Amino acid sequence: MIHHTYPTLSYPSSKLPDVGTSIFAVMSALANEHQAINLSQGFPDFNCPEELMELVTRYMHAGFNQYAPMPGMPQLRRKISTKTEKLYGYCPNPDTEVTVTNGATEALFAAITAVVKPGDEVVVLEPCYDAYAPAIRLAGGVPIYVPLNLPDFSADWDQVKKAVSSRTRLIIINTPHNPTGAVMAKEDLDALARLIEGNDILVISDEVYEHMVFDGQAHYSALQHPLLRERSFVISSFGKTYHTTGWKIGYVVAPAPLTAELRKMHQFITFCAVTPLQLAIADFMENEAHYLALPDFYQAKRDFFVAQLKQTRLEVVPAAGTYFQLARYDHISDAYDLDFAKYLVQEIGVAAVPVSAFYHNKTDHKYLRFCFAKSEQTLQAAAEKLAKL
């Protein structure tokens, strides 16, 4: 018998050696383990409209179960263009400026990898959604972090300007903002436009919570600003709008040259989004009342949750947008926010996300993020548990 000796396999080093499982998955797993009320991960505990589910079933039974066109179903892209014009006064060309993606996260990855080359710098305002920096780094780019101002988490445009260099390729903004719930005003986008005018800097405007702006404020989109519109990938999410985060359907509006580059990435990441879901959403978009009612729908949930939290020792300033509410606990404990969040799950029975997870260096300002896209029963039960703090 011949015995072969094989060399020891040496696996390649990680491209993201410091990246582990996302904080959302970690906290949800802890919630499941301890049977805690899960207000950590950002998904509703109620269903999408019945009519929308019936439309999906109808299209599946009608045989629409094969690949969709790479940019998205034409009828959905036309509906997106019409909606964009009604809301923001700009009608993008559905053939050359609208792309349907597998959720906003794929849209972000495709946009970043489409324009960021090795050595390029990308300005990121933090705390920020955790998908931004890994995509930048995988593209060979360098994230340049600028902290938002406390306590309102507003952008300091003078600091952003200082962070811009000759290597800056991209600035990423997010309004309404995850995790803080802050909302940028028209003046913020005017300031951003002045900052990038006369150079080649591009913008990603992450607007997935565009229909969740409260207290009479309006969402101001980069699509409403002529200069920003020429330089921006504007990203939206049907998952957020229609309570269907598990469907992973998003879209990008961008000028034709940027869309062409984004589609080169999209076709090799996922190629297309799910066909019957696209067709169902296209039909359901005729129901404008749904998304027009979302600000009041979610403000009622925010107001209910904030009122319930008054029975606790947590400090709360009502969120201006999104379906997330920050709460500060520094007068209760000096524990690191991740440790305090784990304590809440294990001892109090409520899961939240520590906001340090949204900073590249895990900065701890003693904030937790709670998702209030839940039933009143769930929110009340969580507040009753938090009152034990």
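A residue counts as buried when its relative accessible area is under 20%, as exposed when that area is over 50%, and as partly exposed in between. Keep those cut-offs in mind as we look at this predicted model.

**Salt bridges**

Let's start with charged side chains. A search of the whole structure turns up twelve salt bridges, and three of them are set out here.

| Pair | Closest N to O distance |
|---|---|
| Arg-77 and Asp-95 | 3.7 Å |
| Glu-288 and Lys-86 | 2.4 Å |
| Lys-366 and Asp-364 | 2.8 Å |

Take Arg-77 and Asp-95, whose side chains meet in a salt bridge. Arg-77 sits in helix H3 (residues 74-88), while Asp-95 belongs to the loop between H3 and strand E2 (98-101), so this pair ties together parts that are 18 residues apart in sequence. Are the two partners buried or exposed? Asp-95 has a relative accessible area of 52%, and because exposed means over 50%, Asp-95 is exposed. Arg-77, at 6% relative accessibility, counts as buried.

Helix H3 also supplies Lys-86, which forms a salt bridge with Glu-288. This pair links distant parts of the chain: Glu-288 is in helix H12 (residues 288-309), and the two residues are 202 residues apart. Lys-86 is exposed, with a relative accessible area of 52%, whereas Glu-288 is partly exposed at 28%.

Then there's Lys-366 with Asp-364. Here Lys-366 is buried, at 17%, and Asp-364 is partly exposed, at 22%. Elsewhere, salt bridges that share partners join Asp-215, Arg-302 and Asp-303 into one network.

**The sheet**

Now for the strands. Seven of them make an open sheet with mixed pairing, in the order E2-E8-E7-E6-E5-E3-E4. Which strands stand at the edges? They are E2 and strand E4 (142-147); each has a single partner strand, so one side of each is left without a neighbour in the sheet. On average, neighbouring strands of this sheet are turned by 20 degrees against each other, direction ignored.

Strands of a sheet pair through backbone hydrogen bonds, in either a parallel or an antiparallel way. Strand E7 (residues 232-237) and strand E8 (residues 250-253) take the antiparallel option, over four bridges. Within that pairing, Ser-237 stands opposite Gly-250 in E8.

**Helices on the sheet**

Remember H3? It lies across E2 and E8, running at about 120 degrees to E2. Helix H7 (residues 186-196) packs on the sheet too, touching strand E5 (168-174) and strand E6 (202-206). The direction of H7 makes about 180 degrees with that of E5.

Terms used: Residues numbered from 1 in each chain as written. Predicted model: local features only at pLDDT ≥ 70, side-chain atom pairs only at ≥ 80, totals over all residues. Heavy atoms only, no water. Salt bridge = Lys/Arg side-chain N within 4 Å of Asp/Glu carboxyl O. Buried < 20%, exposed > 50% of the residue type's maximum accessible area, 1.4 Å probe, protein only. Pairing = 2+ DSSP bridges. Axes fitted to C-alpha atoms, helices over the stretch in contact; angles between N-to-C directions. Contact = heavy atoms within 4.5 Å.
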